[in-house]
Amino acid sequence: MRDRNDDADVIVVGAGPAGATAAHYCASAGLNVLLLEKASFPRDKICGDGLTPRAVGELVRMGVPTRAEDGWIRNKGLRVVASGRSWELPWPELKAYPSYGLARSRMNLDQTLAEHAQRTGAKLLERTNVTGPLLDERTGRVVGVTARPLDENGRRAGDEYELRAPVVIAADGVSSRFALALGLEKREDRPMGVAVRTYFKTPRHDDAWMESHLELWDGPAGKSNLLPGYGWIFALGDGTANVGLGSVNSTPARQSAANVDYKDLFARWMANAPAEWEFTPENQTGPVRGAALPMGFNRKPLYSRGVVLVGDSGGMVSPFNGEGIAYAMQAARVAADVVAQSRARSTDAARERTLATYPEIMRRDLGGYYTLGRYFVRLIEHPEIMRLCTRYGLPRPLVMRFVLKLLSDCYEPRGGDVVDRVIAGLTRVVPSA
């Protein structure tokens, strides 16, 4: 229960999409929220900058304006490029999600969401480095955080101090030092991805399709090794496009053993990029930067001793497509509801039982889908299977519709057409650990 010495009802560590969304929903429920961010806005994050209809649905729930004049560009669907051909696949018309995607750079997206949380009532503290959990000496439960102010260059700007709250939401990204401080290590039996990206000025900056290259060769197409992953081109509507590639392996050990120089691979891929995009060295507007993609709930438990993990801190990136924002926002929404419900309970035991429902809800909602994703990654690790799929499966309309819905996680969870029912059925029958 909140003590009179507490600084807030809930502290959120990290103001990316997961943290800002959690802060928004907690504040909307009437809780006193502190949202702590190590950097200051605007700040960049490594990402593809593309949002599927699933992510758009989360923005709509939050009430975030997504008009063109607010800096967003809509896309119609996915342009898939493979085996020397391309197919334009519109986003499906569903009851569950809008029928369009969006794109916006993380430099702007994260600030937009943090400011939205502020307008809802959350208090944002920028340049605040959370140095670790604050523990109750008697119970070992987390009762807040220790933090230190930083200057505009990221250097220490003051002494460490304490902030107290009965619940902490850790949204501090893939490394999640907060989770590590509690002994919550990454699982070694979950897929791990790596992505690199940069930005180019391009005359096709307002292209209406998100472009995905399903064949990722480490040399000339058809004459080199086919890697498990894909490349993307996401038009941003501001004169530029986000261009990158991602590769995935079934375990971190296999990722390390692959020993791929992703920046070199990116350079070779760009040498064969379609000329109409004009991805030339003089049009490149930033460096090639990379990041790890933690997938399939690769850190558990998602709740422990007063701490809730959301987004990359809990390894919530999809093994199918490297999408992380939609799941981060979904988890943040669920976490905020559980936290708000727990604050309404009258005893510590009842509050703890309520908080402990969060992992079960996330397992029920995403566990089966992530398990299918793990199977998918194991399959595409075999180049001969990937070649067969792209050569013989992609030209078939039914297969393509299935691939689009499965890989983008845009299907009707109940009802829908035969493809929706097959996918939903598969997510229910596979183990969801």
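Reader: What makes β3, β7 and β4 an open sheet, and what is the order of the strands?

Author: In this predicted model, the three strands lie in the order β3-β7-β4 with antiparallel pairing. The edge strands, β3 (50-51) and β4 (73-75), each pair on one side only, and the sheet they bound is an open one.

Reader: How do you know that β3 and β7 are paired?

Author: Two strands count as paired if there are at least two bridges between them, and two bridges join β3 to β7 (residues 101-103), with the strands running antiparallel. One of the residues concerned is G50, whose bridge partner in β7 is A103. The count of two bridges therefore meets the requirement of at least two.

Reader: Where does A103 appear again, and what is the space that A103 helps to line?

Author: A103 is among the residues that line the largest cavity, together with I73, R74, N75, D207, W209, M210, F234 and A235. By the rule applied here, there is one cavity of 30 Å³ or more, and about 50 Å³ of space lies in the largest cavity.

Reader: Why is this space called a cavity and not a pocket?

Author: The name cavity is given because a 1.4 Å probe fits at its points but cannot get out, whereas a pocket is an open set of points. As for the walls, β4, β14 (209-213) and β17 (229-235) each give two or more residues to the lining, and the largest share, three residues, comes from β4. By class, the lining has six nonpolar, one polar and two charged residues.

Reader: What makes β14 a largely enclosed strand?

Author: A residue is buried when its relative accessible area is under 20%, and five of the five residues of β14 are buried, so β14 is largely enclosed by the rest of the structure. Both faces are covered, with W209, E211 and H213 buried on one side and M210 and S212 buried on the other.

Reader: Which strands pair with β14, and in what sense?

Author: Strand β5 (residues 77-82) pairs with β14 in the parallel sense over five bridges, and G77 stands opposite W209 in β14. The pairing of β14 with β17 is antiparallel and runs over three bridges, with E211 opposite I233 in β17.

Reader: How do you know that β18 is mostly covered?

Author: Ten of the ten residues of β18 (residues 240-249) are buried, which is to say under 20% relative accessible area. The burial holds for both directions, since T240, N242, G244, G246 and V248 point one way from the strand, A241, V243, L245, S247 and N249 point the other way, and all are buried.

Reader: What are the pairing partners of β18?

Author: Strand β13 (residues 192-201) pairs with β18 in the antiparallel sense over ten bridges, and F200 stands opposite A241. Seven bridges join β17 to β18, again antiparallel, with G231 opposite L245. β17 and β18 form a hairpin with four residues between them, and G237 in the turn has a positive phi of about 75°.

Reader: Why is the largest nonpolar core said to lie between two domains?

Author: Domain 1 (10-71 + 104-187 + 296-371) and domain 3 (387-429) both give residues to this core, so the core lies between them. Of its 86 residues, I11, V33, V145, I169, F178, V310 and Y358 touch the most other members, while helix α7 (residues 325-343) gives the most residues, namely 13.

Reader: Where does the second largest pocket lie, and what lines it?

Author: Domain 1 and domain 3 both give residues to the lining of the second largest pocket, so this pocket lies between them. The pocket has a volume of about 650 Å³ and is lined by 23 residues, of which R364, D365, Y411, P413 and R414 lie nearest its centre. The largest share of the lining, six residues, comes from α9, and by class the lining has nine nonpolar, four polar and ten charged residues.

Reader: Why is G416 called partly exposed?

Author: The relative accessible area of G416 is 37%, and because buried means under 20% and exposed means over 50%, a value in between is called partly exposed. G416 lies in the loop between α11 (397-408) and α12 (418-429).

Key: Residues are numbered from 1 along each chain as its sequence is written. This is a predicted model: local features need pLDDT of at least 70, side-chain atom pairs count only at pLDDT 80 or more; totals for chains, interfaces and linings use all residues. Side-chain values use heavy atoms; hydrogens and water are left out. On a 1 Å grid over the protein atoms alone, a cavity is a set of points where a 1.4 Å probe fits but cannot get out, and a pocket is an open set with protein on both sides within 12 Å along at least five of seven lines; lining residues have an atom within 4 Å of a point. Grid points are joined across faces, edges and corners, and a volume is the space filled by probe spheres set on the points. Ala, Val, Leu, Ile, Met, Phe, Trp, Tyr, Cys and Pro count as nonpolar, Asp, Glu, Lys and Arg as charged, and the others, Gly among them, as polar. A nonpolar core is a set of buried Ala, Val, Leu, Ile, Met, Phe, Trp, Tyr and Cys residues joined through side-chain atoms within 4.5 Å. Buried means under 20% relative accessible area, exposed over 50%, partly exposed in between (1.4 Å probe, protein chains only). Domain bounds come from an automatic or database domain assignment.
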